[in-house]
Amino acid sequence: MLYRGGKEQKIRKYLLEGNFIDAVIQLPPNLFFGTSIATCIIVLKKSKNDDSVLFIDASERFVHVGNQNQLSPDDIAAIMDAYVKREPVEHFSAVASLEDIRKNDYVLSVSGYVQPKDTREKIDIAELNRQISGIVARENELRTQIDAIVADLEN
């Protein structure tokens, strides 16, 4: 529904051009019994002041209880606070204009508007290069020692 073409895109376009979509909230996976995939809430509003859409990425806001994920009271409060304030919060919420959504072919996928946190390991290239140089030097030293042992054995 959030990103497919065809009829789904026509429905999104109708709802957006009619100024009915107020917010899209991405929830964590495994939140509902029998549904392990992540789910979204699309908040519809009949009379909006502007044509912007709020996107909230709450996919990382959960506590794991038993076999299910749950929203804690703090998670719910954070989502509600973001919804009420309608302000961008880095890695959590973003407000997109109808024009931006049009340029994105009416796609409503939260990840297209809220930049996810970069959790990749930061690598110090200079330190890595020093380590590699040390390894190469040690390898050359060992190679020299091996060559000396082989030469001694041959004599």
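The following legends describe close-up views of a predicted model.

**View 1. The two sides of helix α1.** Helix α1 spans residues 7-17, and among its residues R12, L15 and L16 are buried. These three lie on the same side of α1, because they cover an arc of only 95 degrees around the helix axis. The other side of α1 carries the exposed residues K7, K10 and Y14. The cover over the buried residues of α1 includes two strands, β1 (21-26) and β3 (53-57), together with helix α3 (98-103).

**View 2. K7, an exposed residue of helix α1.** K7 belongs to helix α1 and has a relative accessible area of 69%; it is classed as exposed because this value is over the cut-off of 50%. Between K7 and E121 there are 41 Å in space, C-alpha to C-alpha, and the two residues are 114 apart in sequence.

**View 3. N19 and N30, two loop residues with positive phi.** N19 follows just after α1, in the loop that leads from α1 to β1. Its phi is near 60 degrees, a positive value in a residue other than glycine. N19 has a relative accessibility of 19% and therefore counts as buried, the cut-off being under 20%. N30 is placed in the loop between β1 and β2. The phi of N30 is also positive, at about 55 degrees, although N30 is not a glycine. With a relative accessibility of 18%, N30 likewise counts as buried.

**View 4. T39 in the loop between β1 and β2.** T39 is located in the loop that joins β1 to β2 (40-44). The relative accessible area of T39 is 19%, so this residue is buried under the 20% cut-off. Beyond its neighbours within four places in sequence, T39 is in contact with I25, Q26, L27, P28 and F32.

**View 5. D22 and its polar contact with R86.** D22 is part of strand β1 and is buried, with a relative accessible area of 4%. The side chains of D22 and R86 make a polar contact at 3.0 Å. Residues up to four places away in sequence aside, D22 touches V43, L44, K45, K48, S52, V53, L54, Y83 and R86.

**View 6. The second largest pocket.** This pocket has a volume of about 150 Å³. Its lining consists of D22, K45, S47, K48, N49, D50, S52, Y83, V84 and R86. By class, five of the lining residues are charged, three are polar and two are nonpolar. D22 and R86, both in the lining, are the residues whose side chains make the polar contact of View 5.

**View 7. H91 and the segment around P116.** H91 is found in the loop between helix α2 (73-85) and strand β6 (93-96). With a relative accessible area of 28%, H91 is partly exposed, because the value falls between the cut-offs of 20% and 50%. The side chain of H91 reaches the backbone oxygen of Q115 at 3.0 Å. Setting aside residues up to four places away in sequence, H91 touches V114, Q115, P116 and K117. H91 and P116 are 25 residues apart in sequence, while their C-alpha atoms are 5.1 Å apart in space.

Notes:
Residues are numbered from 1 along each chain as its sequence is written. This is a predicted model: local features need pLDDT of at least 70, side-chain atom pairs count only at pLDDT 80 or more; totals for chains, interfaces and linings use all residues. Side-chain values use heavy atoms; hydrogens and water are left out. On a 1 Å grid over the protein atoms alone, a cavity is a set of points where a 1.4 Å probe fits but cannot get out, and a pocket is an open set with protein on both sides within 12 Å along at least five of seven lines; lining residues have an atom within 4 Å of a point. Grid points are joined across faces, edges and corners, and a volume is the space filled by probe spheres set on the points. Ala, Val, Leu, Ile, Met, Phe, Trp, Tyr, Cys and Pro count as nonpolar, Asp, Glu, Lys and Arg as charged, and the others, Gly among them, as polar. Helices (H or I, at least four residues) and strands (E, at least two) are DSSP runs, numbered from the N terminus. Buried means under 20% relative accessible area, exposed over 50%, partly exposed in between (1.4 Å probe, protein chains only). Contact means heavy atoms within 4.5 Å. A polar contact is a pair of N or O atoms within 3.5 Å; within protein, one must be able to donate a hydrogen and the other to accept it, and residues adjacent in sequence count only if both atoms are side-chain atoms. The arc is that of the directions from the helix axis to the C-beta atoms.
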